[in-house]
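What follows is a walk through a predicted model. The charged side chains come first, then one of the helices.

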Amino acid sequence: MSTVIVIARLVAQPGQGEPLHRALQPLMEATRAEPGCLAYDLHQERDNPDAWMLFERWESDAALAAHNQAPHLAHFATTFGASLAERDVRYYHPLSR
């Protein structure tokens, strides 16, 4: 089993950073309660208040796959996904020390 790191950058339409932040709050709480979620942290970009970054750490690919099928993620995608100006998601495996 290998830990999976996800870095997702979400950018709202201009001036919609705060509504995006409010939409992410219930997603944060529900995701942190999921089995296999080791970290799920939200950060606002310093120079763009409409841009947010999610740092995720998952116990395994299976835990991440289950998260991607979670009802709260689908709800976020249908209610706010179309309002995003940008979405960039990248996946990483940590290197051994």
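A salt bridge here is a side-chain nitrogen of Lys or Arg within 4 Å of a carboxyl oxygen of Asp or Glu. By that criterion R9, E45 and E86 are linked in a network of salt bridges. The structure holds four salt bridges.

Within the network, the side chains of E45 and R9 meet at 2.9 Å, N to O. This pair joins distant parts of the chain, as E45 lies in the loop between β2 and β3 while R9 belongs to strand β1, 36 residues apart. R9 also forms a salt bridge with E86, at 3.1 Å, N to O. Here the link runs from strand β1 to strand β4, where E86 sits, and the two residues are 77 apart. As for accessibility, R9 is partly exposed with a relative accessible area of 26%, E45 is partly exposed at 31%, and E86 is partly exposed at 43%.

Another salt bridge pairs R32 with D41, at 3.5 Å, N to O. R32 is partly exposed, at 47% relative accessibility, and D41 counts as partly exposed too, at 30%.

Now turn to helix α2, residues 61-68, in which A63, L64 and H67 are buried. These residues lie on the same side of α2 because they cover an arc of only 100 degrees around the axis. An α-helix has 3.6 residues a turn, so residues three or four places apart point the same way. The cover over the buried residues of α2 includes strands β1 (4-12), β2 (37-44), β3 (51-58) and β4 (84-92), together with helices α1 (17-32) and α3 (71-79).

Terms used:
Residues are numbered from 1 along each chain as its sequence is written. This is a predicted model: local features need pLDDT of at least 70, side-chain atom pairs count only at pLDDT 80 or more; totals for chains, interfaces and linings use all residues. Side-chain values use heavy atoms; hydrogens and water are left out. Buried means under 20% relative accessible area, exposed over 50%, partly exposed in between (1.4 Å probe, protein chains only). Helices (H or I, at least four residues) and strands (E, at least two) are DSSP runs, numbered from the N terminus. The arc is that of the directions from the helix axis to the C-beta atoms. Contact means heavy atoms within 4.5 Å.
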